[in-house]
Amino acid sequence: MRPLPAGALARGTRAVGRAAYGLALLASGMLAAGPAHAQSRNPTIIRDAEIESLMRDYTRPIFKAAGLSQQNIQVVLIGDNAFNAFVADGKRIFINTGALKQSKTPNEVIGVLAHETGHIAGGHLARMRQQLETAQTAAIVAMLLAAGGVAAGAATGTNMGGAAAGAMMMPQDMMRRTLLAYQRGEEMAADRSAITYLNATKQSAAGMLTTFERFQNEQMFISQRIDPYVLSHPMASERIALLTDLAHKSPYFNAKDPAALQARHDMMRAKLVGYTQTPDSVNRVYPPSDNSLPARYARAISAYRFGSIPGAVRQIDALIATEPGNPYFHEIKGQALLEAGRAREAVPPLRQAVRLSKGNPLIRMLLGQALVATDDKSVMDEAVRELTFSLQREPDSPAGWRYLAMAYGDKGDIPNADLASAQSAFVGGDFKLARELASRARTGFKLGSPGWLKADDIVNFKPPVDSRQKRRP
């Protein structure tokens with residue numbers, strides 16, 4: 001099995017609930033563009049050094065224009081083929097890999113990210129929570145008044161049950177419509193903010209128009225049968241009308257993405273196709289007659305996943321010969337060899353990938369895993385160094401901590417091995433096992449030492465109690 005926390009497209013374990021393009025839905029399960037955008041129940045988080053680097057380059061100028069440069073906002077990749085993006089808090093923008101694969105230009109993705117940035121900068125999530133609290137209070141009062149009518153009718157012998165029941169339903173429907181109308185307003189505000197950020201960074205809004213035209217086409221078959229006021233987002237035609245007017249007023253409407261950025265975007269799409277689609281599907285998107293670098297990249301990844309390792313390595317070596325300074329070609333070669341059980345051969349290309357990427361923590365974590373997998377005690381100091389560095393920047397990786405525990409174990413450092421195992425269990429949510437391991441680790445450290453303090457923190461950690469699991473008195 002491929003190591004989880006690092007390398008190309010390593011899949012995380014946190015599930016992401018159903019959402020829609022734009023602000024994450026807090027009041028309704030309605031979707032932005034109809035059923036075509038429904039999410040699978042448990043899509044997974046994707047980690048990839050190359051794609052995450054590209055997303056940072058896409059968002060850096062947008063965040064600066066929005067005044068969010070110091071907020072450390074992350075773009076999180078979701079393994080889902082729907083064209084979708086959303087925010088669920090003020091620190092993360094979630095975007096589906098399907099949106100990245102379907103976007104032909106960087107500008108299309110940048111427009112989506114600018115829209116989501118508008119939600120964060122506008123504080124829409126916090127205000128939505130306030131709206132929910134207000135609406136819930138109003139609904140409770142209305143329903144109590146209606147219930148009072150039922151009681152009064154019963155006391156006087158009057159049959160008011162049907163009317164009162166209807167009155168009890170009406171506040172809920174009004175509350176839902178009020179919240180959705182509020183959210184539609186936030187979506188329009190985020191659209192306007194996105195245009196502002198794109199203008200400030202001298203980028204075109206044409207990609208945003210392309211995105212909403214896609215939504216409009218998907219809504220055409222249901223638009224005659226849907227009340228637009230029960231949709232959480234404005235109908236696509238409304239948004240296109242607004243965006244068309246604002247976008248064409250921009251002096252940058254005809255601005256094109258830099259060629260180098262377009263090339264990276266094409267490589268990102270090829271990588272996703274190679275990893276997420278079958279060989280037949282890859283060959284349809286990138287037929288053997290296509291000798292472009294993205295096509296060769298996709299086919300090499302597909303060969304490593306589904307074909308023979310020697311054949312895949314030959315294709316990857318051809319990529320490296322074309323671009324020897326590309327760290328991700330060396331990374332994919334190392335990962336292919338590691339997953340084939342050839343850890344010693346994987347180490348040199350991964351060291352090269354670390355050097356060329358200027359120490360990317362995900363790649364350093366993969367190198368650390370490869371070093372541990374060699375079972376060569378002479379490289380365990382290097383393994384500890386690489387894994388420790390990467391975990392300082394990626395502390396939520398259970399597998400990374402497990403590999404660090406193995407490295408310490410091979411070195412004979414049992415207290416640190418137990419502590420790393422405890423941290424693996426802790427970030428994985430197994431607090432009981434984490435406390436047991438940390439308690440054992442604590443006995444091996446000097447009282448008050450850094451290791452002892454870390455272990456003691458885990459031992460004394462009190463996990464939050466889910467209110468739904470509390471017993472009633």
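What share of the contacts in the chain with a separation of 6 or more comes from residues 24 or more positions apart? The figure is 66%. Keep that in mind as you click around this predicted model.

**The whole chain**

Start with everything on screen as a cartoon. You should be able to count 19 helices and 6 strands. Switch to a surface and you are looking at about 22,600 Å² of exposed area, with carbon and sulfur atoms supplying 55% of it. Of the 473 residues, 50% count as buried.

**Stop 1: Arg 47 and its two partners**

Select Arg 47, Glu 52 and Glu 394, and show their side chains. Salt bridges with shared partners join these three into one network. Take the Glu 52 side to begin with: the closest N and O atoms of Glu 52 and Arg 47 are 2.5 Å apart. Glu 52 is buried, at 11% relative accessible area.

Now swing over to the other partner. Arg 47 also meets Glu 394 in a salt bridge, 2.8 Å from N to O. Arg 47 sits in strand E3 (residues 44–47), while Glu 394 is in the loop between helix H15 (380–393) and helix H16 (398–411), so this pair ties together parts that are 347 residues apart in sequence. Glu 394 counts as buried too, with 18% relative accessibility. The structure holds 16 salt bridges, so there are others to look for once you have finished here.

**Stop 2: Asp 456 and Arg 442**

Next, select Asp 456 and Arg 442. Their side chains form a salt bridge at 2.7 Å, N to O. Asp 456 belongs to helix H19 (residues 450–459) and Arg 442 to helix H18 (residues 431–442), with the two positions 14 residues apart in sequence. Buried or partly exposed: which word fits each partner? Asp 456 is buried at 16% relative accessible area, whereas Arg 442, at 22%, counts as partly exposed.

**Stop 3: helix H16**

Go back to the Glu 394 loop and step forward into H16. This helix has 14 residues and runs 20 Å from its first C-alpha to its last, close to the 20 Å expected at 1.5 Å a residue. Colour its buried residues: Ala 399, Gly 400, Trp 401, Leu 404, Ala 405, Ala 407 and Tyr 408. What do they pack against? Show helix H14 (361–373), H15 and helix H17 (414–427), and you have the answer. After H16 comes Gly 412, with a positive phi near 85 degrees.

While H15 is on screen, pick out Ser 390, which is in that helix. Ser 390 is buried, with a relative accessible area of 0%. Leaving aside residues up to four places away in sequence, Ser 390 touches Pro 361, Arg 364 and Met 365.

**Stop 4: helix H17**

Move along to H17. Its 14 residues should span 20 Å at 1.5 Å a residue, and the end C-alpha atoms are indeed 20 Å apart. The buried set here is Ala 417, Asp 418, Leu 419, Ala 420, Ala 422, Gln 423, Ser 424 and Ala 425. Among the elements covering them are H16, H18 and H19, so keep those three visible. Just after H17, check Gly 429: its phi is positive, about 90 degrees.

**Stop 5: H3 against H8**

Hide the rest and bring up helix H3 (residues 106–121) with helix H8 (residues 259–276). Their axes are 9 Å apart and cross at an angle of about 85 degrees, so the two helices are roughly perpendicular to each other. For the contact itself, show Pro 106, Val 109 and Ile 110 on H3, and Leu 261, Gln 262 and His 265 on H8.

**Stop 6: two lysines with positive phi**

Most residues other than glycine have a negative phi. Which way does phi go at Lys 202? It is positive, at about 60 degrees. You will find Lys 202 in the loop between helix H5 (161–200) and helix H6 (206–219), exposed at 57% relative accessible area.

Finish at Lys 358, another non-glycine residue with a positive phi, near 60 degrees. Lys 358 is in the loop between helix H13 (343–356) and H14, and its 78% relative accessibility counts as exposed.

How values were computed:
Residues numbered from 1 in each chain as written. Predicted model: local features only at pLDDT ≥ 70, side-chain atom pairs only at ≥ 80, totals over all residues. Heavy atoms only, no water. Salt bridge = Lys/Arg side-chain N within 4 Å of Asp/Glu carboxyl O. Buried < 20%, exposed > 50% of the residue type's maximum accessible area, 1.4 Å probe, protein only. Helix = DSSP H or I, 4+ residues; strand = E, 2+ residues; numbered from the N terminus. Contact = heavy atoms within 4.5 Å. Areas by Shrake-Rupley, 256 points an atom, 1.4 Å probe, with all protein chains shown as cover. Expected span 1.5 Å × (residues − 1). Axes fitted to C-alpha atoms, helices over the stretch in contact; angles between N-to-C directions. Parallel < 35°, antiparallel > 145°, perpendicular 65-115°, else oblique.
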